[in-house]
Amino acid sequence: MSTNWLYRLSWKEVETYLETDSRIIIPVGSTEQHGKFAPLGTDTLAAVAVAQDASRRTGVLVAPPLWFGWSPHHLVNPGTISIRAEILLELLYDMLDSLARHGFTNFVVVNGHRIVNIAWMQIAAERAQRRLKVRVALFDLAYMSREISSRLGFGAIGHAEEIEISHMLHCHPDLVNLKLARDNPHKDQDLYHLDPRDSRDSLCYVPTTVEDLRRVAQETGDTVSGRPRRSSAEKGLRYHQHLVKRLEQILEQMNR
Ligand SMILES: [Zn+2]
């Protein structure tokens, strides 16, 4: 097998793969604004980078990435493409259904769009497990990096903050222009703390509004939440290695 990307293989090669393996990784991200200094594809590129490196080490196939996520709030800036959550749910389910038909039974969905994509992914995964009798693991970059993010001293999860920008500086430094980045330190909100590392009582997540983000842009000069200027490629590398190792562990568990 020359590569682990499904789209590069013939159906015959996929058939051969299925004789000995039933696992596949599906990277999912978004196409949405990430400030004036980072690419619209940040979330998808992050999921793809982790999926690709874990695939190289395990030989597990990677499905074509889903470049879109649920991003209604990020429509504040041009280039953002937001797909409705109910459509994304059906899209992911149809991907799982198609692949399950020929023998894929163990799926790991790698989510680079963090908390916003999780709700519809959970519904699609539950439906697939019940109807298709397959196993679907949801591997979210934020939930799966709580330990390393604390060790690296990363601040709370926001948007285009030091966590995902460090990761981009490691994976795609040519696509980030940190000179244009402005910090917008996370404002603590009463009883609303969305970082998976936070242990305080919190309301559940609801995507913010375009109007809210427009206000942020007026006040701070960009639509960012967090401190991207603290990003570094070195931290990004350690964060990336941690995620790849965790993904390998999940793939190994699914092989038993
Ligand atoms: Zn992002």
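## A four-stranded parallel sheet and its helices

Isoleucine 24 stands opposite leucine 61 in strand 2. The model is a predicted one. That pair is a starting point for the sheet, the helices around it and two loop residues.

**Strand 1 and its partners**

Isoleucine 24 also stands opposite phenylalanine 107, a residue of strand 3. Next along the chain, isoleucine 25 has valine 62 of strand 2 as its bridge partner. Strand 1 covers residues 23–28, and its pairing with strand 2 is parallel, over two bridges. Strand 1 also runs parallel to strand 3, joined to it by six bridges. Within that pairing, proline 27 stands opposite valine 110.

How much of strand 1 is covered? Six of its six residues are buried. In a regular strand, side chains alternate between the two faces of the sheet. On one side of strand 1 are Arg23, Ile25 and Pro27, and on the other are Ile24, Ile26 and Val28; all are buried, so both faces are covered.

**The whole sheet**

Which order do the four strands take in the open sheet? The order is 2-1-3-4, and the pairing is parallel. The edges are strand 2 (61–62) and strand 4 (135–140), each of which pairs on one side only. Strand 3 runs parallel to strand 4, and six bridges join the two. One facing pair here is asparagine 111 with aspartate 140 of strand 4. Strand 3 is mostly covered, with five of its six residues buried.

Helix 4 (residues 115–132) lies across strand 1, strand 3 (106–111) and strand 4. Helix 4 runs at about 165 degrees to strand 4.

**The chain as a whole**

The protein chain holds eight helices and four strands. Along the sequence they follow the pattern α-β-α-β-α-β-α-β-α-α-α-α. The radius of gyration is 18 Å, close to the 18 Å that the globule rule gives for 256 residues, so the chain is as compact as a globular protein of that length. The C-alpha trace spans about 55 × 35 × 35 Å along its principal axes.

Buried residues make up 44% of the 256 residues. Among contacts with a separation of 6 or more, 80% are between residues 24 or more positions apart.

**Helix 2 and two packing partners**

Two packed helices are described by the angle between their axes and the distance between the axes. The table lists two pairs that involve helix 2.

| Helix pair | Angle | Axis distance | Crossing |
|---|---|---|---|
| Helix 2 (residues 42–58) and helix 8 (residues 233–254) | roughly 55 degrees | within 9 Å | right-handed |
| Helix 2 and helix 6 (residues 162–171) | about 60 degrees | 10 Å | left-handed |

Take helix 8. The axes of helix 2 and helix 8 cross at roughly 55 degrees. That makes helix 2 oblique to helix 8. On the helix 2 side, the contact is made by Ala49, Val50, Asp53, Ala54, Arg57 and Thr58. Helix 8 contributes His240, Leu243, Val244, Leu247, Glu248 and Leu251.

Now helix 6. Helix 2 and helix 6 pack at an angle of about 60 degrees. Helix 2 is therefore oblique to helix 6. Here helix 2 makes the contact through Thr42, Leu45, Ala46 and Ala49. The helix 6 side consists of Glu164, His167, Met168 and Cys171. Ala49 of helix 2 is in the contact with helix 8 and also in the contact with helix 6.

**Two loop residues with positive phi**

Alanine 160 is not a glycine, yet its phi is positive, at about 55 degrees. Its place is in the loop between helix 5 (146–151) and helix 6. Is alanine 160 buried or exposed? It counts as buried, because it has 26 C-beta neighbours inside 10 Å and the cut-off for burial is 20 or more.

Leucine 191 also has a positive phi, near 60 degrees, and is a residue other than glycine. It sits in the loop between helix 6 and helix 7 (210–220). Leucine 191 has 8 other C-beta atoms within 10 Å, so it is exposed; the limit for that class is 12 or fewer. Of these two loop residues, then, alanine 160 is buried, whereas leucine 191 is exposed.

Terms used: Residues are numbered from 1 along each chain as its sequence is written. This is a predicted model: local features need pLDDT of at least 70, side-chain atom pairs count only at pLDDT 80 or more; totals for chains, interfaces and linings use all residues. The radius of gyration is taken over C-alpha atoms; the globule rule is 2.2 Å times the number of residues to the power 0.38. Two residues are in contact if their C-beta atoms, placed from the backbone, lie within 7 Å. Two strands pair if DSSP finds at least two bridges between them. Axes are lines fitted to C-alpha atoms, for helices over the stretch in contact, and angles run from 0 to 180 degrees between N-to-C directions. Angles under 35 degrees count as roughly parallel, over 145 as roughly antiparallel, 65 to 115 as roughly perpendicular and the rest as oblique. A crossing is left-handed if the near helix is turned anticlockwise from the far one by less than a right angle, and right-handed if clockwise.
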